Amino acid sequence: NEFPVTRRSLSYGWRSLRRLRADGALDVVDVEGTIQQVARQGFYLAPVLKRREVNHARLLLFVDRQGSMVPFHRFTRELVETAREDASLETVQVYYFYNVPQQYVYTDEHLTQPIELARVLADCDRQTSAIVVSDAGAARGNRRLERIRETTKFLVELRSYTELIGWLNPVPKVRWQATTAEILAYLVRMETMSQDGFSTTIDVMRRGNK
């Protein structure tokens, strides 16, 4: 299948995920400040400098693997690749899970290198954007109480570290009905893995809208 979001759009989206702070090198000419200084002193000696703005955006991706997500592996891999290639983000951390992020998540696609979820979340702060990528049971039309319960527990824990949470679902919204995804969509901003869905998710990350 053709990837629902172009690589160019993914790259553009990641680049727009910005948390700028003027705490970089003191090497940017402050034109307005320089003019004001000349006006006060009546002569020009040197430009007024200000600090360079640095992007402190941090991205945390939780990606569902195996099982019903197998048909979407190529799609999720491209999502991860473009995020990692974007040098403007301060940090990009990617962790994988099967169905539900539980006590352990994994640093590799094959789910062989576990790391404690608590350790991952300890690195989060209120400026961290967290995106979950999973079909949430929609691919197979499942609604399972245990999955709802465990995912809710994960989302509550994640929300104690950051409110900037989004969910990308590769399954069209029309297929969420009567599945776990339909319930979870009430708990987190869930969008389809489409051009519009990805753009909306990035906007949520930037503005902090629920």
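Two residues are in contact when heavy atoms of theirs lie within 4.5 Å. Keep that idea in hand as you look through these views of a predicted model.

**Figure 1. The whole chain, with its helices and strands.** Let's begin with an overview. The protein chain holds seven helices and 11 strands. Of its 210 residues, 45% are buried. Now take the contacts between residues at least 6 apart in sequence: 71% of these join residues at least 24 apart. The chain's accessible surface comes to about 11,300 Å², and carbon and sulfur atoms account for 49% of that area.

**Figure 2. Thr-82, a buried residue of helix α3.** Here we zoom in on Thr-82, which sits in the helix spanning residues 73-85. Is Thr-82 buried or exposed? Its relative accessibility is 1%, and buried means under 20%, so Thr-82 counts as buried. Which side chain makes a polar contact with the side chain of Thr-82? The partner is Trp-14, at 3.0 Å. A polar atom of the Thr-82 side chain also lies 3.0 Å from the backbone oxygen of Leu-79. Leaving aside residues up to four places away in sequence, Thr-82 touches Arg-7, Leu-10, Ser-11 and Trp-14.

**Figure 3. Leu-168 and its neighbours in strand β10 and beyond.** Next comes Leu-168, part of the strand that covers residues 165-169. With a relative accessibility of 0%, Leu-168 counts as buried because the cut-off for that word is under 20%. What does Leu-168 touch, if we skip residues up to four places away in sequence? Its contacts include Leu-79, Ile-131, Val-132, Val-133 and Ser-134. Glu-191, Thr-192, Met-193, Gly-197, Phe-198 and Thr-201 are also among them. You can look for Arg-189 in this view as well: 21 residues separate Arg-189 from Leu-168 in sequence, and their C-alpha atoms are 8.7 Å apart in space.

**Figure 4. A nonpolar patch on the surface, with Ile-35 as one of its members.** Our last stop is on the outside of the protein. Which residues make this nonpolar surface patch? They are Val-29, Val-31, Ile-35 and Leu-49, and the patch measures about 360 Å². Pick out Ile-35, which belongs to helix α2, residues 31-41. Why does Ile-35 count as exposed? Exposed means over 50% relative accessible area, and Ile-35 has 56%, so Ile-35 fits that description.

Note on methods:
Residues are numbered from 1 along each chain as its sequence is written. This is a predicted model: local features need pLDDT of at least 70, side-chain atom pairs count only at pLDDT 80 or more; totals for chains, interfaces and linings use all residues. Side-chain values use heavy atoms; hydrogens and water are left out. Helices (H or I, at least four residues) and strands (E, at least two) are DSSP runs, numbered from the N terminus. Buried means under 20% relative accessible area, exposed over 50%, partly exposed in between (1.4 Å probe, protein chains only). Accessible areas come from the Shrake-Rupley method with a 1.4 Å probe; for residues, only the protein chains shown count as cover. A polar contact is a pair of N or O atoms within 3.5 Å; within protein, one must be able to donate a hydrogen and the other to accept it, and residues adjacent in sequence count only if both atoms are side-chain atoms. Patches are made of residues with over 30% relative accessible area and no salt bridge: like charges are joined within 9 Å, nonpolar side chains (Val, Leu, Ile, Met, Phe, Trp, Tyr) within 5 Å. A salt bridge is a side-chain nitrogen of Lys or Arg within 4 Å of a carboxyl oxygen of Asp or Glu.
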